[in-house]
Amino acid sequence: MRSTAVAARVGLVLGVCFAICFVTGLVSHYAQDVAQPLGFPTSPAWGYRVTQGLHVITGTACVPLLLVKLWTVYPQLFRRPPRGLRRLAVEVAERLSIAVLVASAIFQLASGLANVTGWYPWAFSFRPTHYALAWVAIGSLVVHVAVKLPLIRSALGADVDEGLEQEGPPGALSRRGLLGATWAAAAVAVVATAGNTVPWLRKVSVLATHTGDGPQGLPITRSAKAAGIEPEAVGAAYVLEVVRGERTVTLSREDLLAMEQQTRTLPIACVEGWSGTADWTGVRLRDLIDLVEAPLGSDVQVTSLQQRGAFSRSVLQGGFVDDERTTLALAINGETLNLDHGYPARIIAPNRPGVLQTKWVTRLEVQA
Ligand SMILES: Nc1nc2c(c(=O)[nH]1)N[C@H]1C(S)=C(S)[C@@H](COP(=O)(O)O)O[C@H]1N2
Ligand SMILES: [Mo]
């Protein structure tokens, strides 16, 4: 059972999942970067929903795959080291590279899984750390595959049962059985959680954390209470300021409702892996910053009533500002926005990570 035949097959699938996680992770990291050299595309509107959904789904599948992979190979760690200085040096170098790979892989899966459940039991900042370790994991994976390539090729080229010296006792698990159980475990992990983002899996995803319960049929990541939104701030005193240089236009919620409204069907896709679609109604963002005659391509800083926290502000890059679909939403699915979804007004833009869809918006400032 603990054979190259099994390790190579599980390793192949694990490697593909890691590669998908790596690429989709780069996309997500770039989408959240404030200093993008090239603007993130606004189309397709569902793009980020798909890449981030895939990121979390393949990452989840990696958990049982990695456990089986480690189980098949761990006795190798306790193999007696070879004699001779050169061979010993090569062996030490290889084991060190594997230690780095295993440690970074476990870190990525554990931190990612905790993040998906909204649990942050650590002091470091998640995004830069998960990003940095992604390079370590993928780099040590490439080294590992390069070192093992001859072994991998011969194992994948041969029958699974190649090299078996004797039949196991009747009824014992075979290599094929182990592989089948491994794929089944990965599939169960995916089906149990993918309802976070795949609508028709909602009912069967028993371990999904965000399947649409929440006000107005859409989950919430942070409630108004958790964000410290004061009831007075969203009442009659609420205004939206649209600012460019010395100019400021101040609008009440009634003023916003009196402007031309548009309804757009757009997804909201949280980096934590859940997503959903809604019909958003409100004022086209471009119409708002036209009030202060902002040139095409201007970036806009969005500020929330929320006082603290990294999500209390975001920057809409020019491409998003000028996209017709980008809306300062006042209503969702035909109802006034719930306070937890960002009442009095929130940003909704196509192909954008959820963390940048700022809620409780009180200020739009055109960047110079
Ligand atoms: N001001 C503010 N806006 C915010 C957040 C926040 O914490 N504060 N959370 C963001 C995150 S992480 C997501 S995924 C979306 C979720 O929107 P919803 O709660 O309306 O579904 O809102 C975003 N907007
Ligand atoms: Mo989010």
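Helix α2 holds the residue L65, and this is a convenient place to enter the structure, which is a predicted model. L65 counts as buried, because its relative accessibility is 1%, where under 20% is the limit for that word. Leaving aside residues up to four places away in sequence, L65 touches V10, V13, L14 and C17, and also T182, W183 and A186. One of these partners, C17, stands 48 residues from L65 in sequence, while the C-alpha atoms of the two are 9.5 Å apart in space.

Beyond α2, the chain enters the loop between α2 and α3, where L77 is found. In contrast to the buried L65, L77 is partly exposed, with a relative accessible area of 47%. L77 belongs to a nonpolar patch on the surface, which it forms together with M1, W71, Y74, F78 and L173, and the accessible area of these residues together is about 620 Å². R79, for its part, is linked with E91 and R95 in a network of salt bridges.

The two helices α3 and α4 make an instructive pair when their lengths are examined. The 32 residues of α3 should span 46 Å at 1.5 Å a residue, and the end C-alpha atoms of α3 are indeed 46 Å apart, so the expected and the computed values agree. After α3 comes G118, a residue whose phi is positive, near 75°. Helix α4, which covers residues 126-157, also has 32 residues, yet its end C-alpha atoms are only 40 Å apart, short of the 46 Å that a straight helix would reach. Along α4 there is a kink of about 65° at K148, and this kink lies shortly before the proline P150.

Which residues of α4 are buried? They are F126, H130, A134, A137, I138, S140, L141, H144 and A155. An α-helix has 3.6 residues a turn, so residues three or four places apart point the same way. The cover over the buried residues of α4 includes α1 (4-31), α2 (47-73) and α3 (85-116), and α2 is the helix in which L65 is found.

Further along the chain, the salt bridges offer another way of following how parts of the structure are joined, and the count comes to 13 salt bridges. In one of them E293 pairs with R247, with the closest N and O atoms 3.2 Å apart. Because E293 lies in the loop between α7 (285-290) and β5 (300-304), whereas R247 lies in strand β2 (residues 247-251), the pair ties together parts that are 46 residues apart in sequence. E293 counts as exposed, at 55% relative accessibility, while R247, at 37%, counts as partly exposed.

A salt bridge also joins R264 and E324, whose closest N and O atoms are 3.8 Å apart. R264 lies in strand β3 (residues 262-269) and E324 in the loop between α8 (318-322) and β7 (327-332), so this pair ties together parts that are 60 residues apart in sequence. R264 is partly exposed at 24% relative accessibility, and E324 is likewise partly exposed, at 47%.

Is R284, which takes part in a salt bridge with D287, buried or exposed? R284 counts as buried, because its relative accessibility is 18%, and the limit for being buried is under 20%. The closest N and O atoms of D287 and R284 are 3.8 Å apart.

Definitions and conventions
Residues are numbered from 1 along each chain as its sequence is written. Chains are lettered from A and ligands numbered from 1 in the order in which they are written. This is a predicted model: local features need pLDDT of at least 70, side-chain atom pairs count only at pLDDT 80 or more; totals for chains, interfaces and linings use all residues. Side-chain values use heavy atoms; hydrogens and water are left out. Helices (H or I, at least four residues) and strands (E, at least two) are DSSP runs, numbered from the N terminus. The expected span of a helix is 1.5 Å times one less than its number of residues. The bend at a residue is the angle between axes fitted to the seven residues ending there and the seven starting there. Buried means under 20% relative accessible area, exposed over 50%, partly exposed in between (1.4 Å probe, protein chains only). Contact means heavy atoms within 4.5 Å. Patches are made of residues with over 30% relative accessible area and no salt bridge: like charges are joined within 9 Å, nonpolar side chains (Val, Leu, Ile, Met, Phe, Trp, Tyr) within 5 Å. Accessible areas come from the Shrake-Rupley method with a 1.4 Å probe; for residues, only the protein chains shown count as cover. A salt bridge is a side-chain nitrogen of Lys or Arg within 4 Å of a carboxyl oxygen of Asp or Glu.
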